[in-house]
Amino acid sequence: MASTGAFRERVFSAWVEIRENLGRSTLQALGVMLGVASVLGGFSISDSQRRHSDELFARIGGFEKLNVQPSEAIKDGTQPSALQNANLGLRADDASQGERVDLKAVQGVSVQKFARARVRSPFADQDRQITGIAADYLAVNGYTLDKGRLFSSRDLETAAPVCVLGYEAVSVFFPTGEALNQVIRVGDIPVTVVGVLREKVFRFRESQGNVFAWRNKLVALPATLVAQRMEGDAYHRLDRVVFKIPDINVIEKFSESLSAVLKSSHRQQEDFRIDDIAKRVKKRRSQGDVYNMIFMLSGILSLVGGGMVNVNIQLATLKERVREVGVKMAIGASGREVFKEFMTEALLLTGLGGFVGFFIGVAFSKVITTVLEVPLYMDPKSFVWAFLLALVFGFLFAIYPALKASRLSPMEALRYE
Amino acid sequence: MSRIIETRGLTKVFGANGNAVHALRGIDMAVEKGEFVALIGPSGSGKSTLMAILGCLDSPTDGRYALDGQAVEGLSGGALARIRNEKVGFVFQSYNLLPKASILRNVELPLLYAGVSRRERRRRAMEMLEKVGIPEKAHVLPAQLSGGQRQRVAIARALANRPALLLADEPTGALDSKTGAEVLGLFKELHRQGNAVMLVTHDPHIAAMAERKVELCDGLILGPDAAAA
């Protein structure tokens, strides 16, 4: 077959036919073009948007955190039971127990204990939120040290009177410069500034404000210090424990085991709340899938619409070409050969239309994502999908006219005027 | 001598029941290899129908037909296409060239359907164009040729697969008398070279060039040839 070049000849004749009837062919290919453009464009826009928001999400906090906060186990209007009263709330123990649930998955544990206090320096006197921290708080929350040092484990164990200041806090309490090794008063406690943090900046767009402005206000003390000398009780309750788990796929399972472990050490009371960010992320992703389905559907609809137009045009032009088919049959073309010739032409047209559709789709996505100020991301899978759909529909809609042509009677076709 | 055409009791009925038209009412005829036969008769006599059946473009309603020794009744569409391709060369009154293909491609087409290799196709198509005297027109489109030249191309195409039978339906009908005579001369030459030619015409002068005349009237063969088989 290959040696006779029959396929090449068919493609060549099909190309001649398309070229000679450029207007008609363009019209025929329009459906494919729009279908491909719509599937490709839709997928790309949705993928770009999703990737962009994933990136933003990762940068402002990330999916990789699992928050645990204390919550009231008591329903409104009921009296707390003895068991509930006896509970100890969220404690440092919970953090270390949680970490032991899956040492491999947990890349960091951050512990927080909040308080409010007056903070006084030689330059300022303000009411401030104080964050008592332990373990990997600064690393988990993406702070980087500018000067000085972070808390040592000894600081944390001994509740040493030391503090680390965020960028904004430094500029308020020490506007003239060196904050390091100066003493500020937090409530009644004099603490030494041992570390100064770098500014955290993140803007969704250049024109917008810094999303992380609040993070720069950090006044961090060892959690033990806050618990013992400010807001404390005998049990060193915590306000928040955050586990850093980079592998999003294990978060759900970890969350379940963590819940069970905590419940058992909390006398079967669910006096804590686990905020599973992964669940939210999955939900968001499945919403993205819905958009993709919608885009694919609209692509399929335009392919179907275009396909029907195509069939119509094919059948109309078949009338003009009946005689040509008759001649070919008279000199020896079988019905199968005629079928192949018509299919070749239709599929070549689909291929060309799809090719143009790629460009339209890319241009379309580029324009929309530029308007949305989202970086364009095109998944190779979108191209494959668009092309497969075009091919399937091109094939399906080519069959009927090609069959019709191949079943002409040679005698009647020759006599056709 | 073996017979290129042998029919027995060929009938062809168009339509059904009340308004059936009996185009052929029982044709018995035989054509020997290398014969030059003219099929004549007034319009409506069944000439074209008979030619279509002889050329395997159409099937008879009843009767038997063997082409070059092969019975064709009941053959599939694909098998008939192969017979048309290999054993029959058609020449039509209106040339029936493919307008968008070059002369060379037109002549190559039957060879392509026969599965002949590209190189061989080209060689044989050129050879045929030389035979009909217009090799220099190989790369032009049919629209750029005169009527006589187009008919020569059609003849070259009909000859490309070296068919057992050349069927020509009013081949000079669209030509002026001078070019018509040239084309007829070509047929005579082809006959002299050993090709079996069947010429359908209503012109007795043209029919006179043939070795033998078969006259058709109302779907039946008239005269002495009726008993030829």
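**Strands, helices and the contact of chains A and B**

In chain A, strand E6 (residues 183-186) lines up with E7(A) in the antiparallel sense, with 4 bridges between them. Strands here are DSSP runs of E of at least two residues, helices are runs of H or I of at least four, and both are numbered from the N terminus; two strands count as paired if DSSP finds at least two bridges between them. This is a predicted model, in which local features need pLDDT of at least 70 and side-chain atom pairs count only at pLDDT 80 or more, while totals for chains, interfaces and linings use all residues. Residues are numbered from 1 along each chain as its sequence is written, and chains are lettered from A and ligands numbered from 1 in the order in which they are written.

Back to the E6(A) and E7(A) pair: A:Val186 has A:Ile189 as its bridge partner in E7(A). The two strands make a hairpin with 2 residues between them, and A:Gly187 in the turn shows a positive phi of about 65°. E7(A) has other partners too. Strand E4 (residues 145-148) of chain A runs antiparallel to strand E7 (residues 189-197) and is joined to E7(A) by 3 bridges, with A:Lys147 sitting opposite A:Val196. Strand E5 (residues 162-165) of chain A, by contrast, pairs with E7(A) in the parallel sense over 4 bridges; here A:Val164 is matched with A:Gly195.

On a wider view, chain A is assigned domain 1 (2-58 + 284-415) and domain 2 (65-277), with bounds that come from an automatic or database domain assignment. Taken over C-alpha atoms, the centres of the two domains of chain A are 58 Å apart.

Chain B has an open sheet of 6 strands, in the order E6-E7-E8-E3-E9-E10, with mixed pairing. Strand E6 (88-91) and strand E10 (220-222) of chain B are at the edges with a single partner strand each, so one side of each is left without a neighbour in the sheet. From one strand to the next the twist averages 25°. Within this sheet, strand E3 (residues 36-40) and strand E8 (residues 196-201) of chain B run parallel and share 5 bridges, and B:Ile40 faces B:Thr201 across the pair.

H6(B) lies across E3, strand E7 (165-169) and E8 of chain B, at about 150° to E8(B). Such angles run from 0 to 180 degrees between N-to-C directions, with axes fitted to C-alpha atoms, for helices over the stretch in contact. Helix H5 (residues 147-159) of chain B packs against helix H6 (residues 177-192) of chain B at about 15°, with the axes 9 Å apart. That makes H5(B) roughly parallel to H6(B), a label for angles under 35 degrees (over 145 is roughly antiparallel, 65 to 115 roughly perpendicular, and the rest oblique).

Another open sheet in chain B has 4 strands in the order E2-E1-E4-E5, and its pairing is antiparallel. Strand E1 (residues 3-14) and strand E4 (residues 62-67) of chain B are joined by 5 bridges, and B:Arg8 has B:Arg64 as its bridge partner.

Finally, the two chains touch: 23 residues from chain B and 22 residues from chain A take part, residues being in contact if their C-beta atoms, placed from the backbone, lie within 7 Å. On the chain B side, helix H2 (77-87) and helix H3 (103-113) each supply at least two residues, and H2(B) gives the most, with 6 residues.
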